[in-house]
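Q: Please take a close look at a single part of this model, and set it in the context of the rest of the chain. I would like the cut-offs behind each term spelled out as you go.

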Amino acid sequence: MSATLSFRWLGVAGIELMLGEHILLIDPFLTRPPLHYLRFGRPVPDAPRIVRHVPRCDYILVSHAHYDHLMDVPVLLRQNPQAIACGSPNACRLLEVAGIPEHQRRVIEAHELLTLSPFAVRVLCGTHVNLPPGFRFAGRLPDKLRYPLRLSDYRMDECFAFYLEAGDYRLLYGEAPQPADVLFTAPLRLSAEMLKVICPRLIIPIHWDRFFRPLDKPIRPLPGLPRYTNSLEKFRQMAETTLPGVRVWMPRLFERCKLTAMLLDVHLSS
Ligand SMILES: [Zn+2]
């Protein structure tokens, strides 16, 4: 019998997958610096909070180098010196600037297969929302970098999605034409056409909450989505019309969900 697979949503795009005793994180981000840091200052990751909520990990996948996916990774790698993070050249360079040793960072590229035992991962090309014009959040990294970084130093080069085989399940993180059982996705980016190709049985919407709002305040949807509840309901309807029988599960922060033959069993948060 395969080991139990469970997941926790860490807020924003962060997911923790646990298979047996092995823990793989994707885009963990708990610091949530206030909005003014987009223009000024150098926020420091909130290490006590990160370690309290995510005490242990073996692997970290970074979908892209933006701060809301990468800035807390150095804390987790320092806390777990056996753990390794996999990301784009920009992501790994920024980890280097944060003082992470070479053996804890691995540059990956699309179509690569990663054996992160017991997880098997295929790196796929992902999609990213269009950035507002004038935002310096993509392209070449600045020549001079010092830690702690400015939020505008976290520049995206590649954007990945991840396909994972874990125990009895096929998981897809992001939006890519890859069939899977369970899909973690930013719902408003997903078209019916793409959903038909992925054909998941379970969809977990992520990256819909306001990520400059502290974690000790109630979760709120992104400000650009004033009628988000309505939008999410529309997404649910689209998904259920496109794939009759699909389940759309709104995750609750840090709540452990165990995947079973029925696909989902919610357990108390840890
Ligand atoms: Zn981004």
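A: Helices and strands here are DSSP runs, numbered from the N terminus, with helices being H or I runs of at least four residues and strands being E runs of at least two. On that basis, the chain has six helices and 15 strands. Its radius of gyration, 18 Å, is close to the 18 Å that the globule rule gives for 270 residues, so the chain is as compact as a globular protein of that length; the radius is taken over C-alpha atoms, and the rule is 2.2 Å times the number of residues to the power 0.38.

This is a predicted model, in which local features need pLDDT of at least 70 and side-chain atom pairs count only at pLDDT 80 or more, while totals for chains, interfaces and linings use all residues. Residues are numbered from 1 along each chain as its sequence is written. The predictor's confidence in each residue, pLDDT, runs from 0 to 100; the chain averages 92, and 94% of the residues score at least 70. Among the elements, strand 4 has the highest mean pLDDT, 99, whereas strand 15 (residues 265–266) has the lowest, 71.

The part chosen for the close look is helix 4, which covers residues 89–97. Its buried residues are Asn90, Ala91, Cys92, Leu94 and Leu95, where buried means that 20 or more other C-beta atoms, placed from the backbone, lie within 10 Å of the residue's own (12 or fewer would make it exposed, and anything in between partly exposed). These buried residues pack against helix 2 (67–70), helix 3 (73–79), strand 5 (84–87) and strand 6 (105–107). After helix 4 comes Gly99, which has a positive phi, near 90°.

Leu70 offers a view of helix 4 from outside: leaving aside neighbours within four places in sequence, Leu70 is in contact with Ala91 and Leu94, as well as with Val62, Ala65 and Tyr154, a contact being a pair of C-beta atoms, placed from the backbone, within 7 Å. Leu70 is also among the residues that touch the most other members of the largest nonpolar core, which has 74 residues; the others are Ile15, Ile60, Leu61, Leu76, Phe162 and Leu172. The largest share of this core, six residues, is supplied by strand 9 (residues 160–166). Such a core is a set of buried Ala, Val, Leu, Ile, Met, Phe, Trp, Tyr and Cys residues joined through C-beta atoms within 7 Å.

The strands around helix 4 complete the picture. Strand 4 (residues 59–61) and strand 5 run parallel and are joined by three bridges, pairing being counted when DSSP finds at least two bridges between two strands. Ile60 has Ala85 in strand 5 as its bridge partner. Strand 5 and strand 6 likewise run parallel, with three bridges between them, and Gly87 stands opposite Val107 in strand 6. From strand 5 the chain crosses through helix 4 to strand 6, and this β-α-β crossover is right-handed; in other words, with the strands pointing away from the viewer, the path from the first strand over the helix to the second runs clockwise.

Over the chain as a whole, buried residues make up 40% of the 270 residues. Of the contacts with a separation of 6 or more, 56% are between residues 24 or more positions apart.

Notes
Contact = placed C-beta atoms within 7 Å.
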